[in-house]
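Visitor: I am new to this structure and should be grateful for a close look at a single part. Please choose one element, and then explain what surrounds it.

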Amino acid sequence: MNWDDYSAALFDLDGVVTPTAEVHMRAWSAMFNEFLTARGVAEPYTDDDYFAHVDGKPRYEGVAAFLASRGIDLPQGDPSDDPSAQTVCGLGNRKNDAFNEVLEADGVQAYPGSVRLLEALAARSMPMAIVSSSNNAPAVLETAGVAHFFSFVMHGGVASERGIAGKPAPDTFVVAAQELGVTPAQAVVLEDALSGVQAGAAGHFGLVIGVDRGAGTAALTDAGATLVVKDLEELL
Ligand SMILES: O=P(O)(O)OC[C@H]1O[C@@H](O)[C@H](O)[C@@H](O)[C@@H]1O
């Protein structure tokens, strides 16, 4: 990995900078399995469902993709729906309550290898941005004490306000590159989710690094990763 070949780095957050992909996974699993049990569906929601349908996507798009995979049709509802509502938005909001309970109770610490890479890139004045689908990205960055590394944060709230399509579309990464003043070809994308790697590949970024936190090297490569690592420390 020669960082001299690139002018900016675009980091996904959950599962790349912080171990919060696991918190999201647990919250999704608790919510979906409660929902399926209440409907009398025998086949449980598993981590494979997370990686295939939910990981990296904006909240309600993840809900809709999983329900579609099971042939379950619910009304979309509205983001203001109560968490008890039997709607796509209601289920997403129910999961969000579970996520925030864990975040408040346990806090979050960034991966040590990720912090080492961020420090090394900051020392060489590499422009860096976060590109996350999560509305909770600003809170996670603050809680983990790593917000200062990033001059721009693209998150779920910014994307919906500005009408920018979420991952697997490349748009959130493309806008973040623009915000840092570079072209996609000059920027490195770092992603653990298949949908995020697909976004980086679709946007023709200079390098798309897959971080294998469970999705698997083969699946990340098939999704378009040019390089797969287990930890960001390998990129020092
Ligand atoms: O519901 P939020 O916090 O806006 O997050 C949306 C998605 O954000 C992604 O970063 C996570 O990988 C997903 O698990 C999550 O579903």
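Guide: A helix here is a DSSP run of H or I with at least four residues, a strand is a run of E with at least two, and both are numbered from the N terminus. The model is predicted. The part chosen is helix α8, which covers residues 171–180.

Which residues of α8 are buried? They are Thr172, Phe173, Val174, Ala176, Ala177 and Leu180. A general point helps in reading such a list. An α-helix has 3.6 residues a turn, so residues three or four places apart point the same way. Just after α8, the backbone of Gly181 adopts a positive phi of about 80 degrees.

Against what do the buried residues of α8 pack? Four of their partners are named here as strands or helices with their bounds: β1 (8–11), β2 (128–131), α7 (156–162) and α9 (194–202) are among them. The list also includes β3 (152–154) and β4 (187–191).

The strands in that list lead to the sheet. Its 6 strands form an open sheet in the order β3-β2-β1-β4-β5-β6, and the pairing is parallel. At the edges stand β3 and β6 (227–229), each of which pairs on one side only. From one strand to the next, the twist averages 20 degrees. As a general matter, strands of a sheet pair through backbone hydrogen bonds.

Among these strands, β4 repays attention. All of its residues, 5 of the 5, are buried, so β4 is largely enclosed by the rest of the structure. Ala187, Val189 and Glu191 point one way from β4, while Val188 and Leu190 point the other way. On one hand, β4 runs parallel to β1, joined to it by 4 bridges; Leu10 has Val189 as its bridge partner in β4. On the other hand, 4 bridges join β4 to the parallel strand β5 (residues 207–211), where Val208 stands opposite Val189. Elsewhere in the sheet, β2 and β3 run parallel and are joined by 3 bridges, and Ala129 stands opposite Phe152 in β3.

The wider setting is as follows. The protein chain is divided into domain 1 (3–19 + 108–235) and domain 2 (22–106). Taken over C-alpha atoms, the centres of the two domains are separated by 24 Å. Between them, 18 residues of domain 1 are in contact with 12 residues of domain 2. On the side of domain 1 that touches domain 2, at least two residues come from each of α6 (137–144), α7 and α9. The largest share there, 3 residues, belongs to α9. By class, that side of domain 1 has 7 nonpolar, 9 polar and 2 charged residues. Two of the helices named there, α7 and α9, also appear among the elements against which the buried residues of α8 pack.

Finally, there is the ligand. Why does the shell around the ligand lie between the domains? Both domain 1 and domain 2 give residues to that shell, so it lies between them. The ligand is surrounded by 18 residues, of which the closest are His24, Arg59, Ser134, Asn135 and Asn136. Helices α1 (20–38), α3 (59–69) and α4 (88–106) each supply at least two residues of the shell. The shell has 5 nonpolar, 10 polar and 3 charged residues.

Conventions:
Residues are numbered from 1 along each chain as its sequence is written. This is a predicted model: local features need pLDDT of at least 70, side-chain atom pairs count only at pLDDT 80 or more; totals for chains, interfaces and linings use all residues. A residue is near a molecule or strand if its C-beta atom, placed from the backbone, lies within 6 Å of it. Ala, Val, Leu, Ile, Met, Phe, Trp, Tyr, Cys and Pro count as nonpolar, Asp, Glu, Lys and Arg as charged, and the others, Gly among them, as polar. Domain bounds come from an automatic or database domain assignment. A residue is buried if 20 or more other C-beta atoms lie within 10 Å of its own, exposed if 12 or fewer, and partly exposed in between; C-beta atoms are placed from the backbone. Two residues are in contact if their C-beta atoms, placed from the backbone, lie within 7 Å. Two strands pair if DSSP finds at least two bridges between them. Axes are lines fitted to C-alpha atoms, for helices over the stretch in contact, and angles run from 0 to 180 degrees between N-to-C directions.
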